[in-house]
Amino acid sequence: MDKGAGVPVAEAKTSKSIFSQLLERIVQGRGVKLGSGPEGEVSLEILLENCPDSLLSLSTAGVICDANPAFLSSFGYSRGELVGSSVLALIPEGYRPGFAEALARLDAEGPESRAPDDVLAFRGAKRDGTSVTMDCLLAPVEENGNRRVLAVIRDLSLDQELLDQLKESKDHYVALSETITEAIFRIDEDFRILFANSGVKNTFGYDKEELVGRNMIRLFPEEVFRKHEPEFRKYFYIDDQDRVGMGLKRTIELLGVTKFRGVAPMEISFGNSKEFRGRTLTCIVREISQRKTMERRLRHLAYHDKLTGLGNRDLFNEDMKAILAEPGWGAGRKAALLFMDLDGFKHINDTLGHAAGDELLVETARRIRFCLRDCDFAYRFGGDEFVTLLSLVSEAKDAALVADRILRSIREPYEIQSSSGEKLRVEVGVSIGAAVLPDHGKTAEAATKSADIAMYCSKEGGKNRYTLYDEAINTKSTRDWRLQQEMRQALVNGEFVLHYQPIVNRDGLILGLEALVRWQRDGVTVLPPSEFIPRAEENGIIVPLGAWALRRSLMDLRRLDAAGFHRMYISVNVSSRQLELPDFVDTLSDAVEGSGVDSSRVNLELTETTLLRNPDDAGAKILEVKRRYPSMMLAIDDFGTGYSSLSYLSRLPVDSLKIDISFVRALHREQNRKVVNAILNLAESLDINVVAEGIETAEQRAYFRDKRCKGMQGFLFMKGQPIDELEKRLRAMRDAASGPA
Ligand code: C2E
Ligand code: MG
Ligand code: MG
């Protein structure tokens, strides 16, 4: 482009800003003098030529004298078509009088007239016939003594489009809000309702017209609303994304009042507030009766025992928390806990069937509840364990009275239907332990522990009785109870480990390994098995402990297999408590199948006493094991100590007898040797293997070797070793055997 032909950029900018200023003056209604005089004013011609807005220069009579390029391009006319014609021709008829009047006024007022205050809005026509909405500002100007009227014209079509869009989105909003069944409100800071949708009818029973302009408070019980009011106000100022961080909830639940004075639970959620002609907030209110009922039902399910309808352990914990949070504990308030365990329930359950057991539990729950006041609570913790929380007692004697009432009530015979349908009178007892809060424990945990210890004392002390924690302190039962807790924890903490002791043949070759459990804390023995195993059998911990030992030892056997020692079997001790469980065989199956160990490499060690405690059941279980796993082995442990009739040896598929250590120790006694020989002969005639336990000396070994005893176990060969150590020793033995002679 030729540089001289155009306006230099910098200059163009300057001119533009001059025009802007000029127009501003015009818009503000100040008359403008134009010209190209010595003051450097801008001429009308330059203004027209360069101004980005559409301008017409008119005579005071309304004849178009000039039009600027912006006007020509937006209206589609050529200059020649316009100049000399009346501006009114561009204006639809209806608007002409108003326009003519404004021009006439300017003409009458003369050159000093001010621009009319009003912007004239009207519709004009483009050359192609389309009509446009525009506004027009008329300003008197004077140029070189000539009076002109400058018409500054703005096409409003775009604004109209925006308005249309706005209206459309408003319509959408209304349509949307009308399809929602929840109530939607827009409220101002005084809680006055500015907008309500039809959903308010659904939720509150009002037509929206009844609510718009009224205060929202009327939709809630006043005291409820007032309680939430300060929180409500915060929603006007804190936007959604910041609410949780500022301690506000996403929704508020409160009671609402409907038109017909009904009260219903409601939930309110809030939008962000808008600042437009005052601060407003949109909120959605939904009625949540149904959800609340469902929540209550779920809560009930989660917190109650299905069988008896009493609260469960979770509810007990919640209630304890709530009661301890109540005031008055410093001022002599007391409460009491009664822990109860039925005596003889297991027997009834086993002999009369589960349905009868359930019936008895339901009746027990009813009797316990009957012994309580309204402010006391009853729970079932599972099995035949019940707990009551006496929320208000004045002294320990009150708890004793309730305990006594429960004791007597449960001692009354029960009438129960057996599985065969006959009505039976059965009797049970209950062992109760009581603890008073805060005397025997200030926290839920401490009080629970005290009540549990007291109950344990009742059980140990002969059952069917009641013990207050005070009396239980420092008794043997308390120590036993503590040991039980400690063992339970030890199981969780992994303080039990297995040691493996080889069982060897006459040539010293390892046939199998006996898994022996050890209790160690940080590498130090807590108690030897001879002390904790009998306790674990009494308190039942042997059940999970034994199951663990079985799983663990099978896994370790796999490990030894992988290291190339795959000829050995694993011998696991099984306690009578494990064997008695109805699911014993399934637990065994799970462990064996889960490990992938061939069942022919598993040897179960059962003592004679275990077999004789409940011979029919034990026999049936063993036969079931053998039915599922014909090649799994069975050993009778500590053989010779059980005063048994030995008749079971002919009935049960026994694979080996383990001669008890006491016989081995006393081999020097003639009488003893006779017993050992008799055992060996008996076993031989029944085709059963014998393993001699506790071989410590070469003489003992020689004795049994001479007697053709197949298996030996004892410190002479190896003490029980942890798996790592055992593997190391096995490797060393293998290396020694295969190394250079
Ligand atoms: P047990 O099944 O008769 O195990 C043999 C016991 O004799 C083991 O005692 C073992 O260390 C010990 N022993 C072996 N050779 C000798 C020896 O030459 N001299 C001496 N003085 N003792 C020897 P431990 O490990 O103390 O176990 C004692 C009992 O605890 C076991 O007797 C068994 O009845 C029980 N037990 C151990 N682990 C378990 C288990 O996992 N489950 C069950 N239910 N009982 C287990
Ligand atoms: Mg054993
Ligand atoms: Mg033994």
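Strand β21 is the biggest giver to the shell around ligand 1, supplying four residues. Bear in mind as you read on that this is a predicted model.

Other elements join in as well. Two or more residues of the shell come from each of β21 (510-521), α19 (529-539), α20 (542-562), β25 (633-639) and α26 (661-665). By residue class, the shell around ligand 1 holds nine nonpolar, eight charged and five polar residues. Which residues come nearest to ligand 1? Of the 22 around the ligand, they are R518, N573, D637, E696 and F715.

If you are setting out the polar contacts of ligand 1, here are three of them, each made with a side-chain atom of the protein.

| Residue | Atom of ligand 1 | Distance |
|---|---|---|
| Q501 | nitrogen | 3.0 Å |
| D638 | oxygen | 3.1 Å |
| R665 | nitrogen | 3.3 Å |

How much of ligand 1 does the protein bury? Taken alone, ligand 1 exposes 790 Å², and 83% of that area is buried by the protein.

Now to a topic on the protein surface. M294, L298 and L301 make a nonpolar patch there of about 320 Å². One of these residues, M294, sits in helix α11, which spans residues 289-303. Is M294 buried or exposed? It falls in between: M294 has a relative accessible area of 48%, so it counts as partly exposed. That value also fits its place in the patch, because patch residues need over 30% relative accessible area.

Note on methods:
Residues are numbered from 1 along each chain as its sequence is written. Chains are lettered from A and ligands numbered from 1 in the order in which they are written. This is a predicted model: local features need pLDDT of at least 70, side-chain atom pairs count only at pLDDT 80 or more; totals for chains, interfaces and linings use all residues. Side-chain values use heavy atoms; hydrogens and water are left out. A residue is near a molecule or strand if one of its heavy atoms lies within 4 Å of it. A polar contact is a pair of N or O atoms within 3.5 Å; within protein, one must be able to donate a hydrogen and the other to accept it, and residues adjacent in sequence count only if both atoms are side-chain atoms. Accessible areas come from the Shrake-Rupley method with a 1.4 Å probe; for residues, only the protein chains shown count as cover. Ala, Val, Leu, Ile, Met, Phe, Trp, Tyr, Cys and Pro count as nonpolar, Asp, Glu, Lys and Arg as charged, and the others, Gly among them, as polar. Patches are made of residues with over 30% relative accessible area and no salt bridge: like charges are joined within 9 Å, nonpolar side chains (Val, Leu, Ile, Met, Phe, Trp, Tyr) within 5 Å. A salt bridge is a side-chain nitrogen of Lys or Arg within 4 Å of a carboxyl oxygen of Asp or Glu. Buried means under 20% relative accessible area, exposed over 50%, partly exposed in between (1.4 Å probe, protein chains only).
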